[in-house]
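Biologist: I am new to this structure. Please take one part, the space enclosed inside, and walk me through its lining.

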Amino acid sequence: MIPCRKLRPTDTFDGKQGFTYNAGIAAETVGSTGICMHLLTIPPGGRAKAHKHATHETAIYMLEGVTVMYWGDRLQHRMEVVAGDLLYIPADMPHLPFNPGPGPATAVISRTDPNEQESVVLQPDLESLVPE
């Protein structure tokens, strides 16, 4: 039996998406088998690489700041997410978030993949579709 665990997200890891995450609940940290949850702070001007999470859903709660996310097969949709918003990203949905500033943007991110990075699929062919 896996025991209950408590941790503080002080350790970090670099994600394939181009951001540095505060490590949280994951197979790697607590032995979870069906979920992961991390903290992410995107600095002003920070931009992810276009990507999707193969076969895994994502739920995000914005704690502070503003982000803009392009999403869709050709990143043709644009969504602004502000502090207090909840965001759902379906499995296999291409997306590219960035922080237009002026301050940092911090969010709690959870996914149905218990591993920190296994389901990340980079999509470099979509990068040029989002304005800098």
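Modeller: What follows is a close look at the cavity, then a short turn to the surface. Keep in mind that this is a predicted model.

Start with the count. A search of the whole structure turns up one cavity of 30 Å³ or more. The space in the largest cavity comes to about 230 Å³. Its lining has 22 residues, and those closest to the centre are Leu-40, Ile-42, Ile-60, Pro-97 and Ile-109.

Now the walls. Several strands supply at least two lining residues each, among them strand 3 (36-42), strand 5 (58-64) and strand 9 (95-98). Strand 4 (51-53), strand 6 (66-71) and strand 8 (86-89) do so too. Strand 10 gives the largest share, five residues. By class, 14 lining residues are nonpolar, seven are polar and one is charged.

Next, the surface. Tyr-61, Leu-63 and Leu-86 form a nonpolar patch there, with about 320 Å² of accessible area together. Leu-86 belongs to strand 8. Its relative accessible area is 69%, over the 50% cut-off, so Leu-86 counts as exposed.

Last, a charged pair. The count of salt bridges is one. Glu-127 pairs with Arg-47, and their closest N and O atoms are 4.0 Å apart. Glu-127 sits in the segment after strand 11 (120-122), while Arg-47 sits in the loop between strand 3 and strand 4, so the salt bridge ties together parts 80 residues apart in sequence. Glu-127 is partly exposed, at 24% relative accessibility. Arg-47 is partly exposed as well, at 23%.

Notes
Residues are numbered from 1 along each chain as its sequence is written. This is a predicted model: local features need pLDDT of at least 70, side-chain atom pairs count only at pLDDT 80 or more; totals for chains, interfaces and linings use all residues. Side-chain values use heavy atoms; hydrogens and water are left out. On a 1 Å grid over the protein atoms alone, a cavity is a set of points where a 1.4 Å probe fits but cannot get out, and a pocket is an open set with protein on both sides within 12 Å along at least five of seven lines; lining residues have an atom within 4 Å of a point. Grid points are joined across faces, edges and corners, and a volume is the space filled by probe spheres set on the points. Helices (H or I, at least four residues) and strands (E, at least two) are DSSP runs, numbered from the N terminus. Ala, Val, Leu, Ile, Met, Phe, Trp, Tyr, Cys and Pro count as nonpolar, Asp, Glu, Lys and Arg as charged, and the others, Gly among them, as polar. Patches are made of residues with over 30% relative accessible area and no salt bridge: like charges are joined within 9 Å, nonpolar side chains (Val, Leu, Ile, Met, Phe, Trp, Tyr) within 5 Å. Accessible areas come from the Shrake-Rupley method with a 1.4 Å probe; for residues, only the protein chains shown count as cover. A salt bridge is a side-chain nitrogen of Lys or Arg within 4 Å of a carboxyl oxygen of Asp or Glu. Buried means under 20% relative accessible area, exposed over 50%, partly exposed in between (1.4 Å probe, protein chains only).
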